[in-house]
Amino acid sequence: MSVTTQLCSDTSEAEELLAEQGLFLKPVARLNISVTLPQLKTPGKSISNWEVMEKIKQMVKPDQFSVLKVSKSSLEFIRFEGEVEAKSLIKTLIARLDGKNIKLSGFSEILRVRAAEAKTTFPTRHLWDSFFRDAKNMNENKPGERPDTIHLENLPCRWFATKKDPEKPSEFVLKKVFEQYGDVRQVDIPMLDPYRRENYIGGGSNFQTFTFGGHLNFDAYVQFTEYIGFVKAMNAFKAMKLLYKADDGKAYTTTIKVDFDKTKHLSDKNIKKRALDREKLMELEKQKEERIRKEREEEEKKKEEERKKLQEEEKERERKRIEKLQRREERRRVREEARRKRKEEKKRLATERELQRKIALEERKILLAQRKLESIRLLTELLERAQVIKKQQEEQRRLQEIEDEKKRALEAERRRKLAEEKRKQLKERKKVERLKKQEDDLRRKILKKYKMKQITEDLKQREVLRQQLRGKSLKSVVMPTSTTK
């Protein structure tokens with residue numbers, strides 16, 4: 001984004017300009033703040049603009065300025081220009097600032113604050129009507145010499161670009177934006193013309209065409225067919241900023257300059273003049289390219305001659321170098337031959353010494369082998385005697401182990417028999433206890449069965465007695481009733 005664009009967080013007041021391009025208009029919300037300064041009596045003491053600005057920011061909280069800068073500073077007052085996100089906040093901020101006081105640290109005097117909405121400088125209908133009426137070189141019957149052309153400055157290139165070419169503004173997009181106000185006769189973006197007079201330097205053949213390398217903003221001219229379209233567009237852009245909603249959801253605003261054209265930029269005369277200038281510049285560029293081509297060819301020819309000359313010199317140097325190398329190689333071969341002979345002699349002497357050393361070494365090896373053989377025989381005899389003693393000891397130990405094993409087997413058999421006897425006794429005891437328990441259970445069952453039988457017989461006897469008593473009572477009741485009859 002351009003350095004003049006700002007991130008916008010409040011788009012509630014945005015008015016649609018061209019939604020498919022993400023373009024909207026947003027009212028400018030500015031206010032002027034004037035802080036009256038006291039007379040400084042102490043030499044060398046000054047009031048910090050930054051400290052005053054911070055005090056003003058504190059006074060408007062919880063709201064805040066999107067932009068706050070010093071527009072004028074003197075010994076009597078400091079004037080700030082502030083901008084907020086929404087025009088609806090202007091009255092609120094003025095109420096918080098106008099007539100209020102600021103107390104700075106280190107100063108006993110109080111600073112008086114005045115605030116008011118900033119007036120926008122925008123051309124009015126009366127202004128352009130009087131301009132074209134009083135101009136002597138204007139003809140209201142001709143397009144471009146009457147109030148029908150708008151001049152726009154500081155438009156961001158990417159906001160009016162197409163997806164195919166996102167770095168360069170499009171006349172098609174610009175025209176589509178302004179067609180909603182009326183029929184557009186033509187539009188012009190000077191930066192798109194590489195041969196435009198505004199974009200070349202000097203005269204004659206010394207000129208420089210335009211490139212898009214470092215430009216972020218552009219100027220444009222829009223000419224309407226009817227006067228009413230021009231008026232509608234001027235009224236729509238009055239006191240407005242341009243707002244752009246990017247694909248990532250973020251919104252940006254920028255301040256643009258809108259004015260009516262006073263230079264007859266899109267008059268037929270100037271259009272033809274620019275066309276002639278473009279043809280001249282194109283011809284000059286062709287001549288320059290031709291001159292450059294000839295100069296390049298001449299330079300290439302000189303370079304070729306110099307290259308051939310250098311090649312000849314290089315060949316001569318190479319020949320001399322080869323001869324020098326050959327002489328050096330011959331001297332090297334002679335030295336190598338002498339060195340080879342010395343090496344062979346040295347090698348022969350070393351071989352003889354090595355042979356004598358090997359013979360002495362072999363004799364020593366034979367002597368050592370004989371001594372080793374005698375040692376082996378002695379060790380063999382000692383080992384055989386040690387083995388006989390060891391076998392005798394092993395035999396005694398084995399007989400002792402067999403004796404111990406027999407004792408352990410007898411002891412194990414004795415213990416096994418004792419354990420078997422204990423198991424039989426425990427089994428007999430468990431059998432006696434089980435039979436005793438079965439006898440007790442049987443006795444309890446018989447006793448319980450006997451008791452149940454006694455209870456059943458008692459119940460039967462009681463039932464018989466009850467029935468007999470009931471029969472006697474019925475007879476006593478029936479007999480009195482029969483006598484009464």
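Q: What makes a residue count as buried, exposed or partly exposed here?
A: Buried means under 20% relative accessible area, exposed means over 50%, and partly exposed is anything in between (1.4 Å probe, protein chains only). Both tyrosine 181 and phenylalanine 237 come out as buried.

Q: How do you know which parts of the model enter these descriptions?
A: This is a predicted model, where local features need pLDDT of at least 70 and side-chain atom pairs count only at pLDDT 80 or more, while totals for chains, interfaces and linings use all residues. Numbering runs from 1 along each chain as its sequence is written, and side-chain values use heavy atoms, leaving out hydrogens and water.

Q: Why is arginine 317 called partly exposed?
A: Its relative accessibility is 46%, so it falls in the middle class. Arginine 317 sits in helix α6 (helices are DSSP runs of H or I with at least four residues, strands runs of E with at least two, numbered from the N terminus).

Q: What makes the meeting of arginine 317 and glutamate 314 a polar contact?
A: Such a contact is a pair of N or O atoms within 3.5 Å; within protein, one must be able to donate a hydrogen and the other to accept it, and residues adjacent in sequence count only if both atoms are side-chain atoms. The two side chains are joined at 2.6 Å, so they qualify.

Q: Why is lysine 264 said to have no salt bridge?
A: A salt bridge needs a side-chain nitrogen of Lys or Arg within 4 Å of a carboxyl oxygen of Asp or Glu. The nearest side chain of opposite charge (Lys and Arg count as positive, Asp and Glu as negative, with His and the chain ends not counted) is glutamate 145 at 4.7 Å, so the pair misses the limit. Lysine 264 is nevertheless buried, in the loop between β14 (257-260) and α6 (268-484).

Q: What does the side chain of lysine 264 reach, and which residues is it in contact with?
A: It reaches the backbone oxygen of asparagine 137 at 3.1 Å. Beyond its neighbours within four places in sequence, lysine 264 is in contact (heavy atoms within 4.5 Å) with residues including Met138, Glu145 and Asn270.

Q: How do you know that lysine 273 and aspartate 277 form a salt bridge?
A: Their closest N and O atoms are 3.7 Å apart, so the pair passes the salt-bridge rule. They are four residues apart in helix α6, which means about one helical turn separates them. Lysine 273 is partly exposed at 43%, while aspartate 277 is buried at 11%.

Q: What makes glutamate 411 and arginine 414 a salt bridge?
A: The closest N and O atoms lie 2.3 Å apart, so the rule is met. This pair, too, is about one helical turn apart in α6, with three residues of separation. Glutamate 411 is partly exposed at 28%, and arginine 414 at 44%.

Q: How many salt bridges does the rule give?
A: The count comes to 45.

Q: How many aromatic pairs are there?
A: There are 12.

Q: Why is the pair of tryptophan 128 and phenylalanine 260 called edge-to-face?
A: Rings of Phe, Tyr and Trp (its six-membered ring) pair if their centres lie within 6.5 Å; planes under 30 degrees apart are stacked, over 60 edge-to-face, and the rest tilted. Here the centres are 6.3 Å apart and the planes meet at 70 degrees, so the name fits. Tryptophan 128 is in helix α3 (residues 125-134) and phenylalanine 260 in strand β14, so the pair ties together parts 132 residues apart in sequence. Both residues are buried.

Q: How do you know what kind of pair tyrosine 181 and phenylalanine 237 form?
A: At 6.4 Å centre to centre and 65 degrees between the planes, they are edge-to-face as well. The partners are 56 residues apart, tyrosine 181 between α4 (171-178) and β10 (184-188), phenylalanine 237 between α5 (227-236) and β12 (240-245).

Q: What makes lysine 245 lie over the face of phenylalanine 24?
A: A charge sits over a ring if NZ of Lys or CZ of Arg is within 6 Å of the ring centre and within 35 degrees of the ring normal. Lysine 245 is 4.5 Å from the ring centre.

Q: What stands out about the peptide bond from lysine 61 to proline 62?
A: Its omega is near 10 degrees, and the bond is cis. Most peptide bonds are trans. Proline 62 lies in the loop between α1 (49-59) and β5 (67-73).
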